[in-house]
Each structure stands twice: as C-alpha cells, then as structure tokens.
Amino acid sequence: MNRYRNTWAEINLDAIGYNIQQLKNLLPEGRKVMGVVKANGYGHGSVKVAKTALNMGVDFLMVAILEEAVKLRKHGIEEPILVIGRVPPRYAYVAANLGITLSVFQLDWLESIQNERFNKPLSLHIEFETGMNRTGIVTKDQLKEIVNVVKRMENVRLTGAYTHFATADEIGSELFNKQRLRYEEMLETLTSLYPHQIITHIGNSAAGIQYSEKMLQYTRFGVSIYGLYPSADIRGMANVKLKQAFSLYSELIQVKKVSAGESVSYGATFITKEDAWIGTVPIGYGDGWRRGLQGFYVLVDGKKMPIVGRICMDLMMIKLDKQYEVGKKVTLIGEDNGSMIEMDDVANYLGTINYEIPCMLTDRIPRMYV
Ligand SMILES: *Cc1c(COP(=O)(O)O)cnc(C)c1O
C-alpha cells in the first residue's frame, strides 16, 4: 500500500538481530532460541521479524493463534511454528496440511480429532500446568490418558513438552522453583510412557535472562528480541544489553502562536499561561496513541515538548519552546539528538507494561523497516 501520511513507525531489524545474538550468548552451549512473533511480532511485523530471526539461526517460531502461523507460511517461511493457543479441533487439519505444530492440553480436544484423516502428520506439543493456571494438563493421570490416545492415532505425534512460568520476571521467586520441579516430574512420566524424541521448552524472556542455566532445549524469547526488558527487576539485573527496535515518528503539520489565556483542544483542558507556540501533530487515539498520554511529552531537536490538551482521534497538540517549520520531525518513541523516549517511559506514564505499547499502535501507522 502506498504511504501518504507523515506519521510512521521505524523498525530496526539490525537491533532485533543484535538482541537475538545477545540472548543466544546467555544460554548454555547447544540451547536454542524460539522466536516468539505472536500479535504481529508484538506490533513490529511478524513476517519481517521472523525472517530476521531465521537469518540469525533461529529455527523455531511461536505464535498464539493459527491465523498467525498461516500468515508466516503464506510468506514462504518453512521452519517449524508452534501455535501456543487452543485451535478449535475442527481446524487441526489446516495445521497438519501446513506442517504447523499445535498445543494440546485436553483429552477432549484430542478425542475430537481422533477420527480425522490427516494427509500429513500432525505434531503436538503438550503443555503441563505447573502453577500459572492458565492452560495445561494438571495431573499425571491426564497425561497418561492423552499419551494412550496419541499412541492409537496414526498421523498424530507428540513432539514437544512445555510449561510457562508466572513469576520469572521477579527476582528469585519461590513459585519459579516449584514450577520447575513440577515440570521435571511430568516430563519424567511422559518420557517413561512415550519413548520418542521430545523437544523441551519452559522459559520466556524473563526466565531465559534470569535463569539462563536452567533453560532446556529451547527458550521462548518474545519481548526481549524486540529490545524490551520483561520487567524492571530483569532490567536491573543488567546481564544482557538490549536495543529497542521500535521508533515512532511524526511531523508538525501546523505551528501557531496562541495568546495567553486561550485554550487548546476539546474540553479546553489546557489554558496557556503566556503566549505560546503550539504545534499540531497528526497522530491520535485512532492510531492507538491513547488519550491517557495527555501530559506526556515528545522530542523535537532532542528537547522534551509536552503534549497539551486532549488527544483527538487523529491529532494532538504539543507546546513548543519556539517557532518551528511545518514538516519538523517529532519523535514520539525512540532516539532524537541524544535524547531517548523508551517504550518503558510510555508504558510507565500509562501505568502499564512495555509489551502493551507496540501492540496498541494500530496498523494505521505504517511500519517502515531499516
Ligand atoms: C508470549 C509468550 C512467551 C513470550 O514471552 P515474553 O515474556 O514476551 O518473552 C513465551 N511463552 C508463552 C507460552 C507465551 O504465551
């Protein structure tokens, strides 16, 4: 699609490659990175990120829903892809045809695909519930039942076993150790019942960074490959240096002098104390740039300029320190003349986590790759 607007996101694929290398270096010899590209690569663009990861030697990708995996296949990606969510059993054949690995954590699910005739073998990774209480099988009896059904099925095989930690982003959590032990017990049961090659993976970014030595064959790195730390605690550990890959830019479309005592934007919530240069920036909550960012700031020539008045659907206003030309670059996220607005700064202002920020910026903002 042609790009006409002057608001855009810049995705630095070199930074993503760099982050993957740093994360790889943390892991013990022979342990691998699974590249997590769900939610359109955390808003960065799943296909570009996946291709960058594959170039860096990543050989397994993870997404949340089947659509996301199909999209990667449609763009020529042939490496293994795991769908972590529950795909309705009636669509399991889609995964089988495209060689996409699905997750299993329910006997019923497996029984509903029992009579399907897949043209190609369907690979399944089984999820163990160990303490997150989201998805996953809970007991060894359930495990036994599932293994028994799989053994009777012709074109279905278990190729992996995983779990997911609830508190790996906190330093030294008790629950982490408990989950780790429960996983070991379940895995032992599985290997005794099902003597085939099983791919093991337990950790996300936080676990992979904090407990690198304890990771198994794969670590499911998501947020960290985009150069974001999973929490302030993990960032504080300072054992890996990451580069934020996502920047967000726009340009001034009008600059005007507003007299003292006048108001700016809907509701007249901001009133100028003295004559002020006000710039208009073409981004708003229709782009996912939330109204809650009123009072936050952007960068112009590396200087902080506050967002004043209510953020509109397509526009917002900033208070400038002097007159600037129309077309002047405005940095909303990223580096500008030695200053930096981090994803964490935006997230902290909104009272959320950095994960949410690139995901909330809609596809009305074009992603440009450098
Ligand atoms: C999203 C997700 C990940 C990646 O988590 P990050 O914190 O982004 O590294 C890993 N595993 C599962 C099961 C997930 O849902």
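This is a short talk about one protein chain and the ligand it holds.

Hi everyone, and thanks for coming. What we have is a predicted model, in which local features need pLDDT of at least 70, side-chain atom pairs count only at pLDDT 80 or more, and totals for chains, interfaces and linings use all residues. Residues are numbered from 1 along each chain as its sequence is written, and side-chain values use heavy atoms, with hydrogens and water left out.

Let's begin with the whole chain. It has twelve helices and 20 strands. Here helices (H or I, at least four residues) and strands (E, at least two) are DSSP runs, numbered from the N terminus. Along the principal axes, the C-alpha atoms fill a box of roughly 80 × 40 × 35 Å. The chain has 370 residues, and 53% of them are buried. Buried means under 20% relative accessible area, exposed means over 50%, and partly exposed is in between, using a 1.4 Å probe and protein chains only. The accessible surface is about 16,800 Å², and 48% of that belongs to carbon and sulfur atoms. Those areas come from the Shrake-Rupley method with a 1.4 Å probe; for residues, only the protein chains shown count as cover. Now for contacts, meaning heavy atoms within 4.5 Å. Among contacts between residues at least 6 apart in sequence, 67% join residues at least 24 apart.

Next, the ligand. Which residues come nearest to it? They are Lys38, Tyr42, Ser205, Arg220 and Tyr355, out of 14 residues around the ligand. A residue is near a molecule or strand if one of its heavy atoms lies within 4 Å of it. By class, this shell has seven nonpolar, four polar and three charged residues. For those classes, Ala, Val, Leu, Ile, Met, Phe, Trp, Tyr, Cys and Pro count as nonpolar, Asp, Glu, Lys and Arg as charged, and the others, Gly among them, as polar. Helix H2 (38-42) and strand E9 (218-221) each give at least two residues to the shell.

Look at the ligand's oxygen atoms now. One is 2.8 Å from a side-chain N or O atom of lysine 38. For serine 205, a polar side-chain atom lies 2.5 Å from a ligand oxygen. With glycine 222, a backbone N or O atom is 2.9 Å from an oxygen of the ligand. The ligand taken alone exposes 390 Å², and the protein buries 94% of that.

Now please find helix H8, residues 174-193. Its 20 residues reach 30 Å from the first C-alpha to the last, close to the 28 Å expected at 1.5 Å a residue. That expected span is 1.5 Å times one less than the number of residues. At the N-terminal end, serine 173 acts as a cap: one of its side-chain oxygens is 3.1 Å from the backbone nitrogen of leucine 175. The buried residues of H8 include Phe176, Tyr183 and Leu190. Among the elements covering its buried residues are helix H7 (140-152) and strand E8 (199-203).

Just before this helix, threonine 167 sits in the loop between E7 and H8. Is threonine 167 buried or exposed? It counts as buried because its relative accessibility is 12%. Leaving out residues up to four places away in sequence, threonine 167 touches Ser173, Leu175 and Phe176.

A second threonine, number 280, is in strand E14 (residues 276-281). Its relative accessibility is 8%, so threonine 280 counts as buried too. Methionine 317 is 37 residues from threonine 280 in sequence, yet the two are 4.5 Å apart in space, C-alpha to C-alpha.

Helix H4 (residues 66-74) is our next stop. Leu66, Ala69 and Val70 are among its buried residues, and these pack against several elements, including H2 and helix H3 (46-55). Glutamate 67 is also in H4, but this residue is exposed, because its relative accessible area is 56%. After H4 comes glycine 76, with a positive phi near 85 degrees.

To finish, here are two alanines. Alanine 238 has a positive phi of about 55 degrees although it is not a glycine. It is found in the loop between helix H10 (232-237) and strand E10 (246-251), and counts as exposed because its relative accessibility is 61%. Alanine 268 also has a positive phi, near 50 degrees, and lies in the loop between strand E12 (263-264) and strand E13 (270-271). At 34% relative accessibility, alanine 268 counts as partly exposed. Thanks for listening!

Technical notes. A polar contact is a pair of N or O atoms within 3.5 Å; within protein, one must be able to donate a hydrogen and the other to accept it, and residues adjacent in sequence count only if both atoms are side-chain atoms.
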